[in-house]
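Subject: Handing over the structure

Hello,

Here is the structure I promised to pass on to you. Have a look at it first, and then read on for what turned up.

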Amino acid sequence: MITIKTDEQIKMMHESGKLLASVHQELRSKIKPGVTTWELDQFVEKYIRKHGGIPAQIGYQGYKYATCASVNDEICHGFPTKEPLKEGDIVTIDMVIDLDGYLSDSAWSYGVGEISKENQKLLDVTKKALYLGIEQAVIGNRLGDIGHAIQSYVEPLGYSVVKDFCGHGIGDEMHEDPQVLHYGKPGRGLRIEKNMVFTIEPMINTGTWRMKMDSNGWTARTLDGGMSAQYEHTLAITEDGPLILTEQEF
């Protein structure tokens, strides 16, 4: 069931999103060779709690961490570890914040130190794919328009779109309807309405889109060992276009 949010709910979710965006702003200077994703996770949890929020992923279906930290060929849901990040790695930090009962969700991929041109291009393409999808999130369009914008951009460049995971509604619960695919045909799917709130979060791979699961039951990684990146925003549909609730200032 899709819930249409009130203006007040969107306002409060925006406050949650601003806090989440500030965490990513802080992480920019902390992600460097030698740092562990465990240390980053500890920082994120302390920062969120210090600013009045709750790291909503802790306890979700038994998950133990404030973040998902996915490195290189890990597509999503990577566990924070005490393995130091290396020069040239890619790491995606994904988190959900509960601020006064209002949720926000955003993932961001980072290069660790000096990264290769190939890895930088993957990051650039994935981020642009996110914003191309967001451009289609307007009243009267359909969800298929979002997926088509992403797929038709990345595939001609030689990348693949992960099909096993998707964006989602968010509100009182972390995952709500609708599901927002990052591939598809224009003019298909649910029609987008005012005051819907959902995430767009394309996961883009250098090789095959197919994945395999680690033995922990959470972490998905590329089947062929190729690199993967992800960018995600929570957005609200308004009469003036999509309002990105987790936008960072650049």
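Let me begin with a question: is Phe-43 buried, exposed or partly exposed? With a relative accessible area of 22%, Phe-43 is partly exposed. Please keep in mind throughout that this is a predicted model.

Aromatic rings

The structure holds seven aromatic pairs. One of them joins Phe-43 and Tyr-47, a tilted pair with 5.7 Å from centre to centre and 40° between the planes. Both residues belong to helix H2 (residues 37-50), where they are four residues apart, or about one turn of the helix. Tyr-47 has a relative accessible area of 14% and is buried.

Another tilted pair is made by Tyr-65 and Phe-79, whose ring centres are 5.3 Å apart and whose planes meet at 55°. Tyr-65 sits in the loop between strand E1 (54-55) and strand E2 (68-71), while Phe-79 sits in the loop between strand E3 (74-76) and strand E4 (90-99), so this pair ties together parts that are 14 residues apart in sequence. Tyr-65 counts as buried at 15% relative accessibility, whereas Phe-79 is partly exposed at 24%. Both rings also belong to one aromatic cluster, which is formed by Trp-38, Tyr-63, Tyr-65, Phe-79 and Trp-218.

Two lysines are placed over rings. Lys-82 lies over the face of Trp-38, 5.2 Å from the ring centre. Over the ring of Tyr-183 sits the charged end of Lys-163, at 5.3 Å from the centre.

Cysteines

How many disulfides are there? The count comes to zero. Why is Cys-68 not bonded to Cys-76? The cysteine sulfur closest to that of Cys-68 is the one in Cys-76, and at 7.5 Å it is too far away for a bond, because a disulfide needs the two sulfur atoms within 2.5 Å. Cys-68 is buried, with a relative accessible area of 6%, and Cys-76 is buried too, at 5%.

Helix H1 and what lies against it

Helix H1 (residues 7-27) has 21 residues, which at 1.5 Å a residue should span 30 Å, and its end C-alpha atoms are indeed 30 Å apart. Its buried residues include Ile-10, Met-13, Ser-16, Leu-19, Leu-20, Val-23 and Leu-27. The buried residues of H1 pack against H2, E4, strand E5 (102-111), strand E9 (197-200), strand E14 (233-238) and strand E15 (241-244).

Ser-22 is also part of helix H1, and it counts as buried at 14% relative accessibility. Its side chain reaches the backbone oxygen of Leu-19 at 2.6 Å.

From the side of strand E4, Ile-97 is worth a look. Ile-97 lies in that strand and counts as buried at 0% relative accessibility. Which residues does Ile-97 touch, not counting residues up to four places away in sequence? Among them are Ser-16, Leu-19, Leu-20 and Val-23, together with Ile-48, Ile-54 and Tyr-102. Leu-40 is 57 residues from Ile-97 in sequence, and the two are 16 Å apart in space, C-alpha to C-alpha.

A buried threonine

Thr-219 is found in the loop between strand E11 (211-213) and strand E12 (220-222). With a relative accessible area of 1%, Thr-219 is buried. What does its side chain reach at 2.9 Å? The partner is the backbone oxygen of His-77. Leaving aside neighbours within four places in sequence, Thr-219 is in contact with residues including Glu-74, Cys-76, Gly-78, Phe-79, Lys-212 and Asp-214.

Backbone details

A cis peptide bond joins Asp-177 and Pro-178, with omega at about 5°. Pro-178 lies in strand E8 (residues 176-180).

Gln-61 has a positive phi, near 50°, though it is a residue other than glycine. Gln-61 lies in the loop between E1 and E2 and is exposed, with a relative accessible area of 64%. Asp-100 likewise has a positive phi in a residue other than glycine, near 55°. Asp-100 is placed in the loop between E4 and E5, and its relative accessible area of 60% makes it exposed.

With best wishes

How values were computed: Residues numbered from 1 in each chain as written. Predicted model: local features only at pLDDT ≥ 70, side-chain atom pairs only at ≥ 80, totals over all residues. Heavy atoms only, no water. Phe/Tyr/Trp six-rings, centres within 6.5 Å; stacked < 30°, edge-to-face > 60°. Helix = DSSP H or I, 4+ residues; strand = E, 2+ residues; numbered from the N terminus. Buried < 20%, exposed > 50% of the residue type's maximum accessible area, 1.4 Å probe, protein only. Lys NZ or Arg CZ within 6 Å of the ring centre and 35° of its normal. Contact = heavy atoms within 4.5 Å. Expected span 1.5 Å × (residues − 1). Polar contact = N/O pair within 3.5 Å; in protein donor to acceptor, adjacent residues only side chain to side chain.
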